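Please take a moment to look through the sequence and the model shown here. The paragraphs that follow lead through the fold step by step.

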Amino acid sequence: MTNKKITIKDVAKQSGVSIATVSQILNGNDSKLSPKTVEKVLAAKQALNYEPDYFARRMIMKKSKTIGVLVPDITNPFFSRLIRGIEGVLYRENFVTLLCNADLDSKKEIDYLEELSRRGVDGYIIASSAISNQAINETLRAKNLPFIVLDQKKAEGFSDAVLTDDYTGGRLAGEYLQELGHQKVAVVLPEGATENIATRLIGFREIFPEITLIHSELSKQGGRQAAKKIIETDITGIFAINDELAFGLYLGLAEAGKKIPQDYSVIGYDNIDMCEYVTPQLTTIAQPIYELGQTTAELLLKRIQEPEKDWEERMLSVQLVKRFSAARLK
């Protein structure tokens, strides 16, 4: 005996209403229908254990109620918090978040972009700079698919975008080290830095034109390795371009017998939760990470509803959070 799949037709038959009425109720468009009719349909749905066929529904509605989110590195707590902000808004609006973690691999990111397109997601949130504008043009713009870029990638006038004020963030870090009396400073950052990171460096250089650049992978391990190069210099202040690098510096400097902030003052960037759980607590530039995710999701949903509206670019502010990893130079 085969298990016959329950269809919308069966729900209509059991509840004694038309298929169109059942469809309206199951899609939440029941404001003009009587409560009694709605109740009958929902009771029939439950009795028959009916589940909508999302692929069939997409063929009819031309919507999948899914959003593709591409991030470069899910192990970085910045992106975990960002996704929570995105997912909270999408869940509230009955959208499912389809997460793609690219492991900082540009080929993987482009493959994901194309695969999401084939699966018919309703929109894209691109939190990665490695996807070229050419790939976006060929995969998304050519098919008129709604998307938004954020944080790591400037929109360049062809999409909505949500950014944070990286220039001011870099400048704030520089001003604080200067205020503490530091003159010889280093910035730890990856080679071929993304645009947002490069902008932080520009802001920092407004205060310190002469700096030592220490290039390292954008991770805790990268920070740990960078510590070996730092102790060979005469610098006293360090601006780690994100908090993960700063945490790596903590371990690397400790392994070399150095102390923070007695030997080196360290300032991070992002203000992820762990900043308060390390010793000494990390002074850092705080980004509104959760709000960044929320704003991004809201703008994308607005774009899906109004495809022809003018492009929007939102800039969110940052602030210096003073803790105990940076001290006045004696």
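A residue counts as buried when its relative accessible area is under 20%, as exposed when that area is over 50%, and as partly exposed in between. With that cut-off in hand, Phe239 is buried, and Tyr269 is buried as well. Both residues belong to a predicted model, and they will return below once the overall picture has been drawn.

The protein chain as a whole comes to 12 helices and 12 strands. Its C-alpha atoms fill a box of roughly 85 × 40 × 40 Å along the principal axes. A compact globule of 330 residues would have a radius of gyration near 20 Å, whereas the protein chain has 25 Å. Of the 330 residues in the protein chain, 48% are buried. If one takes the contacts between residues at least 6 apart in sequence, 70% of them join residues at least 24 apart.

A good place to begin with the strands is an open sheet. It is formed by 6 strands, which follow one another in the order β7-β6-β8-β9-β10-β12, and their pairing is mixed. At the edges stand β7 (212-215) and β12 (319-321), each of which pairs on one side only. From one strand to the next, the twist averages 20°. Within this sheet, strand β6 (residues 185-189) and β8 run parallel and are joined by 4 bridges, and Val188 stands opposite Ala240, a residue of β8. Helix α9 (residues 195-205) packs on the sheet, where it touches β6, β7, β8 and β9, and the direction of the helix makes about 175° with that of β6.

The aromatic rings come next. A pair of aromatic rings is described by the distance of the centres and the angle of the planes. The structure holds 4 aromatic pairs. One of them is formed by Phe78 and Phe79, with 5.1 Å from centre to centre and 85° between the planes, and this pair is edge-to-face. Both Phe78 and Phe79 are buried. Another pair brings together Phe239 and Tyr269, whose ring centres are 6.2 Å apart and whose planes stand at 50°, so this pair is tilted. The reasoning rests on the cut-offs for the planes: under 30 degrees counts as stacked, over 60 as edge-to-face, and the rest as tilted. This second pair links distant parts of the chain, since Phe239 is in strand β8 (residues 237-240) and Tyr269 is in strand β9 (residues 265-270), 30 residues apart.

Phe239 and Tyr269 also belong to a wider group, for together with Phe204 and Phe208 they form one aromatic cluster. A charged side chain joins the picture at Tyr269, where Arg200 lies over the face of the ring, at 3.8 Å from the ring centre.

Away from these rings, Thr66 offers a view of another strand, because its place is in β1 (residues 66-71). The relative accessibility of Thr66 is 17%, and therefore this residue counts as buried. Neighbours within four places in sequence left aside, Thr66 is in contact with Phe95, Val96, Val121, Asp122 and Gly123.

The last stop is the backbone itself. Most residues other than glycine have a negative phi, and most peptide bonds are trans. Against that background, which peptide bonds are cis? One is the bond from Ile260 to Pro261, with omega near 5°, and Pro261 is found in the loop between α11 (243-255) and β9. The bond from Thr279 to Pro280 is cis too, with omega near -5°, and Pro280 has its place in the loop between β9 and β10 (283-286).

That loop between β9 and β10 also holds Asn271, which has a positive phi of about 70° although it is not a glycine. Asn271 has a relative accessibility of 23% and so counts as partly exposed. Asn94 likewise has a positive phi, near 65°, in a residue other than glycine, and Asn94 is found in the loop between α5 (77-92) and β2 (96-101). With a relative accessible area of 60%, Asn94 is exposed.

Key
Residues numbered from 1 in each chain as written. Predicted model: local features only at pLDDT ≥ 70, side-chain atom pairs only at ≥ 80, totals over all residues. Heavy atoms only, no water. Phe/Tyr/Trp six-rings, centres within 6.5 Å; stacked < 30°, edge-to-face > 60°. Buried < 20%, exposed > 50% of the residue type's maximum accessible area, 1.4 Å probe, protein only. Helix = DSSP H or I, 4+ residues; strand = E, 2+ residues; numbered from the N terminus. Lys NZ or Arg CZ within 6 Å of the ring centre and 35° of its normal. Pairing = 2+ DSSP bridges. Axes fitted to C-alpha atoms, helices over the stretch in contact; angles between N-to-C directions. Contact = heavy atoms within 4.5 Å. Rg over C-alpha atoms; globule rule 2.2 N^0.38 Å.
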